[in-house]
Amino acid sequence: MSATSRNGFDFNHGEWRVSHRKLRTRGVGSGEWDQFETRTDAQLLMGGTVSIDETDFTDRGFKGMSLRLYDPAQDQWAIYWINSSDGAMQPPVFGRFTDGKGVFEGDDLDGVRPIRVRFEWTGTETATPQWSQAFSYDDGQSWETNWVMLFRRPQ
């Protein structure tokens, strides 16, 4: 078992202010970004092997929740996303932390288009961790980053 991977989400607890930069239109080569702020409340449970958070997208009219589960037999995390707009748990991405960077991938749909999804966590040992999401429409040959979130503690 990799202590680095198992403890990868140890940073993610308490309250956060989050600066978002989200691509307005995905999968078409757009360079137009929407920028906004949210608050996130995060918890570690079961000795750090479960990580949950809830984000209130007040200006967008919904809430989102991440559920992360560590599987010690596979030495990997499964990350699920739930949106209050539809109440559905999205397909998971799977991965691990190595040297402070977490990379997680899985299959999903963007509308009706099959995609490969990648989440990356960086800066987890700093005061401003960052999460990003990228989609691949060509089975991982190329990636388009479509959402970046910078976390910081409330003042």
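In this predicted model, the count of salt bridges comes to 10. Three of these pairs make a good introduction to the structure, and each is taken in turn below.

A helpful starting point is the contact between Arg 152 and Glu 37, whose side chains meet in a salt bridge with an N to O distance of 2.8 Å. This pair links distant parts of the chain, as Arg 152 belongs to strand 10 (residues 144-152) and Glu 37 to strand 2 (residues 33-45), 115 residues apart. Both partners can be reached in part from outside: Arg 152 is partly exposed, with a relative accessible area of 23%, and Glu 37 is also partly exposed, at 40%.

The pair formed by Arg 68 and Asp 53 offers another view, with the closest N and O atoms of this salt bridge 2.6 Å apart. Here strand 4 (residues 62-71), which holds Arg 68, is linked to strand 3 (residues 50-57), which holds Asp 53, and the two residues are 15 apart in the chain. Arg 68 has a relative accessible area of 3% and is therefore buried; Asp 53, at 6%, counts as buried too.

Finally, Arg 116 forms a salt bridge with Glu 105, where the closest N and O atoms are 3.4 Å apart. Because Arg 116 lies in strand 8 (residues 113-122) and Glu 105 in strand 7 (residues 101-110), the pair ties together parts that are 11 residues apart in sequence. Arg 116 is partly exposed, with a relative accessible area of 22%. This contact also belongs to a network, in which salt bridges with shared partners join Glu 105, Asp 107, Arg 116 and Arg 118.

Notes. Residues are numbered from 1 along each chain as its sequence is written. This is a predicted model: local features need pLDDT of at least 70, side-chain atom pairs count only at pLDDT 80 or more; totals for chains, interfaces and linings use all residues. Side-chain values use heavy atoms; hydrogens and water are left out. A salt bridge is a side-chain nitrogen of Lys or Arg within 4 Å of a carboxyl oxygen of Asp or Glu. Helices (H or I, at least four residues) and strands (E, at least two) are DSSP runs, numbered from the N terminus. Buried means under 20% relative accessible area, exposed over 50%, partly exposed in between (1.4 Å probe, protein chains only).
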